[in-house]
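Trainee: I have a model open and would like to go through it by question and answer. Where should we start?

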Amino acid sequence: MARHSKLQKQVLALYRQFLRAGRDKPGFIPRIRDEFRENAQIKKTDVMHIEYLYRRGQRQLEQLRDVNTKQLGSFSKPADKS
């Protein structure tokens with residue numbers, strides 16, 4: 001079995017915390033899974049980007065745990081009109 005680095009363990013723990021926090025809120029679990037799967041494509045050697053996303057995830061987790069949170073917002077690029 002492969003050993004995980006400290007950062008990998010932190011990201012996996014964050015993922016589990018997100019899943020636990022999203023259980024009580026409908027529609028959050030698929031969004032959480034999609035976001036983590038999309039970011040799983042980042043190279044393991046891009047540590048700065050991974051750490052940035054980890055810190056951002058911690059802030060988003062705190063928002064998700066807030067009782068008043070009803071939905072997650074996201075920003076997306078507008079479609080090209082070509």
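Mentor: Start with a side chain: that of Lys 25 reaches the backbone oxygen of Asp 66 at 2.8 Å. This is a predicted model, in which local features need pLDDT of at least 70 and side-chain atom pairs count only at pLDDT 80 or more, while totals for chains, interfaces and linings use all residues. Residues are numbered from 1 along each chain as its sequence is written, and side-chain values use heavy atoms, leaving out hydrogens and water.

Trainee: Which side chain of opposite charge is nearest to Lys 25, and how far away is it?

Mentor: Lys 25 sits in the loop between α1 (6-22) and α2 (28-39), where helices are DSSP runs of H or I with at least four residues, numbered from the N terminus. Lys 25 is buried, meaning under 20% relative accessible area with a 1.4 Å probe, protein chains only. A salt bridge needs a side-chain nitrogen of Lys or Arg within 4 Å of a carboxyl oxygen of Asp or Glu. Lys 25 has none, and the nearest side chain of opposite charge is Asp 66, at 6.6 Å.

Trainee: Which helix gives the most to the largest nonpolar core?

Mentor: A nonpolar core is a set of buried Ala, Val, Leu, Ile, Met, Phe, Trp, Tyr and Cys residues joined through side-chain atoms within 4.5 Å. The largest has 10 residues, including Phe 18, Ile 32 and Tyr 54. Each of α1, α2 and α3 (47-65) supplies at least two of them. The most, four residues, come from α1.

Trainee: Outside its neighbours within four places in sequence, what does Ala 21 contact?

Mentor: Contact means heavy atoms within 4.5 Å. Ala 21 is itself a member of the largest nonpolar core, as are Leu 61 and Leu 64. With those neighbours left aside, the contacts of Ala 21 are Leu 61, Leu 64 and Arg 65.

Trainee: Which salt bridge ties α2 to α3?

Mentor: A search of the whole structure finds two salt bridges. In one, Glu 62 pairs with Arg 65, with the closest N and O atoms 3.4 Å apart; these two are three residues apart in α3, so about one helical turn separates them. In the other, the closest N and O atoms are 3.7 Å apart. Glu 35 lies in α2 and Arg 56 in α3, so parts 21 residues apart in sequence are tied together by Glu 35 and Arg 56.

Methods
Buried < 20%, exposed > 50% of the residue type's maximum accessible area, 1.4 Å probe, protein only. Lys, Arg positive; Asp, Glu negative; His and termini not counted. Polar contact = N/O pair within 3.5 Å; in protein donor to acceptor, adjacent residues only side chain to side chain.
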